[in-house]
Amino acid sequence: MKTFLLGLAVGYVLGARAGRERYDQLVRAYRRLKDHPAVQGVAGVVRAKLSDAAE
């Protein structure tokens, strides 16, 4: 538990130092990746396989 809290504290400090600009940059990169056609294709295949496996 102490290790988790230490990690949480370190992450908070590093995140606060990075600032809003870095956060916005990471969000934009994530959205570009998420909306990429190749990623969308793979996600569709995975969804179909999971749906088949669930039945």
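Leucine 5 sits in helix H1, which covers residues 2-34. Keep in mind as you look at it that this is a predicted model. How exposed is leucine 5, then? Its relative accessibility is 46%, and because buried means under 20% and exposed means over 50%, leucine 5 counts as partly exposed.

Leucine 5 also has a part in a surface feature. Together with Met1, Phe4 and Leu8, Leu5 makes a nonpolar surface patch of about 490 Å².

Now move along helix H1 to arginine 28, which is found in that helix too. Arginine 28 comes out at 48% relative accessibility, so it counts as partly exposed. For a feel of the distances here, take glycine 15 as a reference point: it is 13 residues from arginine 28 along the chain, and the C-alpha atoms of the two are separated by 16 Å.

Let's zoom out to the whole protein chain. In terms of secondary structure, you'll count 2 helices and 0 strands. What about the overall dimensions? The C-alpha trace spans about 45 × 30 × 10 Å along its principal axes. The radius of gyration of the protein chain is 18 Å, whereas a compact globule of 55 residues would have one near 10 Å.

The accessibility numbers are worth a look next. How many of the 55 residues count as buried? The share is 0%, with buried meaning under 20% relative accessible area. In absolute terms, the protein chain exposes about 5,300 Å², and 64% of that area is supplied by carbon and sulfur atoms.

Last stop, the charges. On the protein chain you'll find 10 positive side chains and 5 negative ones. If you take the centre of each set, the two centres lie 10 Å apart.

How values were computed
Residues numbered from 1 in each chain as written. Predicted model: local features only at pLDDT ≥ 70, side-chain atom pairs only at ≥ 80, totals over all residues. Heavy atoms only, no water. Helix = DSSP H or I, 4+ residues; strand = E, 2+ residues; numbered from the N terminus. Rg over C-alpha atoms; globule rule 2.2 N^0.38 Å. Buried < 20%, exposed > 50% of the residue type's maximum accessible area, 1.4 Å probe, protein only. Areas by Shrake-Rupley, 256 points an atom, 1.4 Å probe, with all protein chains shown as cover. Lys, Arg positive; Asp, Glu negative; His and termini not counted. Charge placed at Lys NZ, Arg CZ, Asp CG, Glu CD. Patch = residues over 30% accessible without salt bridge, like charges linked within 9 Å, V, L, I, M, F, W, Y side chains within 5 Å. Salt bridge = Lys/Arg side-chain N within 4 Å of Asp/Glu carboxyl O.
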